Amino acid sequence: MTTLLSSRLLPFSPERRRTPSPSTTFFPWNNPTTNYTVRFLCSPAAPRVRLGQRLPRFVVPATAEDLLYNAGATVGVLGGGYALMRVFDDLTRRKILRQGLSRKLVHILSGLLFLVSWPIFSNSNKARYFAAFVPLVNCLRLLVNGLSLASDEGLIKSVTREGDPQELLRGPLYYVTILMLCALVFWRESPIGVVSLAMMCGGDGIADIIGRRYGSMKIPYNPKKSFAGSISMLVFGFLVSIGMLYYYSILGHVQLDWGNTVPRVAFVSLVATLVESLPITEVVDDNISVPLASMAVAFFTFHD
Ligand SMILES: Nc1ccn([C@@H]2O[C@H](COP(=O)(O)OP(=O)(O)OP(=O)(O)O)[C@@H](O)[C@H]2O)c(=O)n1
Ligand SMILES: C/C(=C\CO)CCC[C@H](C)CCC[C@H](C)CCCC(C)C
């Protein structure tokens, strides 16, 4: 399925495979043309090749060094996620942030920073599994705490509304499951995962923050949601999606025709915003409806 999505959206031309990626400026281990010595110095992830041999751009076989390198990246990203939660727990404890706001900022930042961290992983065919391990670990933490088998106060405080551990088994659990799904299915080569996560993390997160503050004018078909919340979701979700796609394009993971991409992303943002505004939250959580609707619409709109 991944191959299908990637190849249809971003056809691999032989020319493209030979083009060195701009991401090599930032992440030299991604350079397919770097010779063995340089690749080895840059990253133990580099496969052993003859001097000057060109490698396929995106997927290279995993070697022992590559696995070790990706394991290091996984530990780093896991540590980043843990640190983020500790920071917000601390800010809440010191009463610098309200618990509700802290929770929404964790919602916005954890997924987006996870997305930003993907290029750190190598180009091997195993890299996505290492990245997906990060939400998997968080998924287990949520399950263990949600089922009250453990009590991590920091996690409960920074992720729940009022400190009820069972809440971890709903929104936050769906959220990390979607992060895992996007890493495994779409990974870095398809705009579908990037846009869906931008809408779930950035768009949905900002709708709550702005809507609670300025949302006096309610949406006629849903008195729990406001125009201010939905408009901010549309604008912020769109901008974050474009920003993330730009980040991935300058690193060479996606090649986009911006004239076509911008209206398509705008359409996905609009549909995701409409879905979020519907009075269906009791039936299906926003952390499921928003990313799944975005994926479905992005699949068809980016499909040439
Ligand atoms: N389009 C939106 C979305 C949210 N809100 C505001 O944000 C609050 C929370 O919305 P929502 O996220 O849908 O509620 P919950 O599902 O209860 O919270 P969470 O997603 O944080 O679990 C709403 O009550 C409303 O004040 C809004 O005004 N307009
Ligand atoms: C409050 C949340 C959702 C409710 O709508 C967000 C829950 C966040 C997770 C418990 C933690 C997720 C951590 C990420 C998988 C890793 C982030 C790494 C990054 C480098 C900071």
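**Ligand shells and the packing of α7 against α9**

In this predicted model, α6 makes the greatest contribution to the shell around ligand 2, giving seven residues. The shell around ligand 2 holds 22 residues, of which Gly-80, Gly-81, Ser-110, Leu-113 and Gly-171 come nearest. Two or more residues of this shell are given by each of α5 (64-93), α6 (99-117), α7 (127-146) and α9 (171-185). By class, the residues around ligand 2 comprise 13 nonpolar, eight polar and one charged.

Two of the helices that contribute to this shell, α7 and α9, also pack against each other, at an angle of about 165 degrees and with their axes 8 Å apart. Angles over 145 degrees count as roughly antiparallel, and α7 and α9 are therefore roughly antiparallel to each other. The crossing of α7 past α9 is left-handed. On the α7 side, the contact is formed by Arg-128, Ala-131, Ala-132, Pro-135, Leu-136, Asn-138, Cys-139, Leu-142 and Gly-146; these meet Pro-172, Leu-173, Val-176, Thr-177, Leu-179, Met-180, Ala-183 and Leu-184 of α9. In this contact, 13 residues are nonpolar, three are polar and one is charged.

Ligand 1 is surrounded by 16 residues, with Gly-211, Gly-215, Lys-225, Ser-226 and Gly-229 coming nearest. At least two residues of the shell around ligand 1 are supplied by each of α10 (191-214), β2 (222-226), α11 (227-250) and α12 (258-277). The largest share, four residues, comes from α10. The class composition of the shell around ligand 1 is two nonpolar, eight polar and six charged residues, while that of the shell around ligand 2 is 13 nonpolar, eight polar and one charged.

Methods: Residues are numbered from 1 along each chain as its sequence is written. Chains are lettered from A and ligands numbered from 1 in the order in which they are written. This is a predicted model: local features need pLDDT of at least 70, side-chain atom pairs count only at pLDDT 80 or more; totals for chains, interfaces and linings use all residues. A residue is near a molecule or strand if its C-beta atom, placed from the backbone, lies within 6 Å of it. Ala, Val, Leu, Ile, Met, Phe, Trp, Tyr, Cys and Pro count as nonpolar, Asp, Glu, Lys and Arg as charged, and the others, Gly among them, as polar. Axes are lines fitted to C-alpha atoms, for helices over the stretch in contact, and angles run from 0 to 180 degrees between N-to-C directions. Angles under 35 degrees count as roughly parallel, over 145 as roughly antiparallel, 65 to 115 as roughly perpendicular and the rest as oblique. A crossing is left-handed if the near helix is turned anticlockwise from the far one by less than a right angle, and right-handed if clockwise. Two residues are in contact if their C-beta atoms, placed from the backbone, lie within 7 Å.
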